[in-house]
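This briefing walks through a single protein chain for a reader who has the sequence and coordinates at hand. It starts with the term on which the lists of neighbours depend and then moves from the overall fold to individual sites.

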Amino acid sequence: QENKEILQPLYFFFSHSNRPSVKYYTLEDIRVHNMSNDTWLIIHDKVYDITSFLEEHPGGEEVLLEQAGADASESFEDVGHSTDAREMLEQYFIGDLRFEKKKKLNPYISSLFCSSWSIWLISAVAAVVVGVGYRYFIFEHRSS
């Protein structure tokens, strides 16, 4: 009984936090926000409404509109944004991306072909096999 009285204030504090609850959006929710008067982006699974920032963006609004309604994480990182830019992004945060179970026929095959590095690896292996086969074919014809 005594432990319950001690823990009660802690439970109340953590269960009734002053932080607003995070809203979750699906990809379908985000895709429709792809216009200059309504622009949302996903960056690292967080959703941002950057409509009011379009005209202020140093790289121009066209760059942002190309990514509107989609995941811009890779493009955001490729540019190499500063710490200040990352902090500025937080003021446009509106929620998190909701992950949905995707239907996959074979999860191993799907994950193998979906990652970009594996595409390059498969292409490189295929090129080596074709190259070795060609050299072997040419060598056999010269010998005969």
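Two residues are said to be in contact, or to touch, when they have heavy atoms within 4.5 Å of each other. In that sense S73 touches I42, I43 and H44, where residues up to four places away in sequence are not counted. The model is a predicted one, and the values that follow are computed from it.

**Overall architecture**

- The protein contains seven helices and five strands, and from the N terminus on these elements follow the order α-β-α-β-β-β-α-α-α-β-α-α.
- The chain has 144 residues, of which 19% count as buried.
- Among the contacts with a separation of 6 or more, 64% are accounted for by residues that stand 24 or more positions apart.

**Nonpolar cores**

- In soluble globular proteins, nonpolar side chains tend to be buried together.
- Here the largest nonpolar core has 11 residues in all, namely L41, I43, Y48, I50, F53, L54, L64, A72, F76, L89 and Y92.
- A second core, separate from that one, has six residues, including I30, W40, I42 and L97.
- Y92, a member of the largest nonpolar core, touches V47, Y48, D49, I50, S52, F53 and E56 when residues up to four places away in sequence are set aside.

**The largest pocket**

- The largest pocket encloses about 380 Å³ of space, and its lining consists of 20 residues, with F53, H57, L64, F76 and H81 lying nearest its centre.
- The elements that contribute two or more residues to this lining are strand 3 (38-43), helix 3 (61-67), helix 4 (73-79) and helix 5 (83-89).
- By residue class, the lining of the largest pocket divides into 14 nonpolar, five polar and one charged.
- F53, L64 and F76 belong to the largest nonpolar core, and these three residues are also among those that lie nearest the centre of the largest pocket.

**H81, beside the pocket centre**

- H81, one of the residues nearest the centre of the largest pocket, is found in the loop between helix 4 and helix 5.
- H81 counts as partly exposed because its relative accessible area is 23%, and partly exposed covers the range between under 20% for buried and over 50% for exposed.
- Leaving aside neighbours within four places in sequence, H81 is in contact with H57, F76 and R86, and the side chain of H81 reaches the backbone oxygen of F76 at 2.9 Å.

**S73 and the loop between strand 3 and strand 4**

- S73 is found in helix 4, and S73 counts as buried because its relative accessibility is 11%, buried being under 20%.
- A polar atom of the side chain of S73 lies 2.7 Å from the backbone nitrogen of H44, and H44 is also among the residues that S73 touches.
- H44 sits in the loop between strand 3 and strand 4, and D45 is found in the loop between strand 3 and strand 4 as well.
- Most residues other than glycine have a negative phi.
- H44, although not a glycine, has a positive phi of about 50°, and D45, likewise not a glycine, has a positive phi of about 65°.
- Both residues count as partly exposed, with relative accessible areas of 44% for H44 and 34% for D45.

**T51 and G59, between strand 4 and helix 3**

- T51 is found in the loop between strand 4 and helix 3, and it is partly exposed with a relative accessible area of 23%.
- T51 touches S36, N37, D38 and T39, again without counting residues up to four places away in sequence.
- The C-alpha atoms of T51 and N37 are separated by 6.1 Å, although these residues are 14 residues apart along the chain.
- The side chain of T51 also makes a polar contact, at 2.6 Å, with the side chain of D49.
- G59 has its place in the loop between strand 4 (46-49) and helix 3, where G59 is partly exposed at a relative accessible area of 47%.
- G59 and V79 are 20 residues apart in sequence, and they are 9.9 Å apart in space from C-alpha to C-alpha.

Definitions and conventions:
Residues numbered from 1 in each chain as written. Predicted model: local features only at pLDDT ≥ 70, side-chain atom pairs only at ≥ 80, totals over all residues. Heavy atoms only, no water. 1 Å grid on protein atoms, 1.4 Å probe; cavity = no way out; pocket = protein on both sides within 12 Å on 5 of 7 lines; lining within 4 Å. Points joined across faces, edges and corners; volume = space filled by probe spheres on them. Helix = DSSP H or I, 4+ residues; strand = E, 2+ residues; numbered from the N terminus. Nonpolar A, V, L, I, M, F, W, Y, C, P; charged D, E, K, R; others polar. Core = buried A, V, L, I, M, F, W, Y, C linked by side-chain atoms within 4.5 Å. Buried < 20%, exposed > 50% of the residue type's maximum accessible area, 1.4 Å probe, protein only. Polar contact = N/O pair within 3.5 Å; in protein donor to acceptor, adjacent residues only side chain to side chain.
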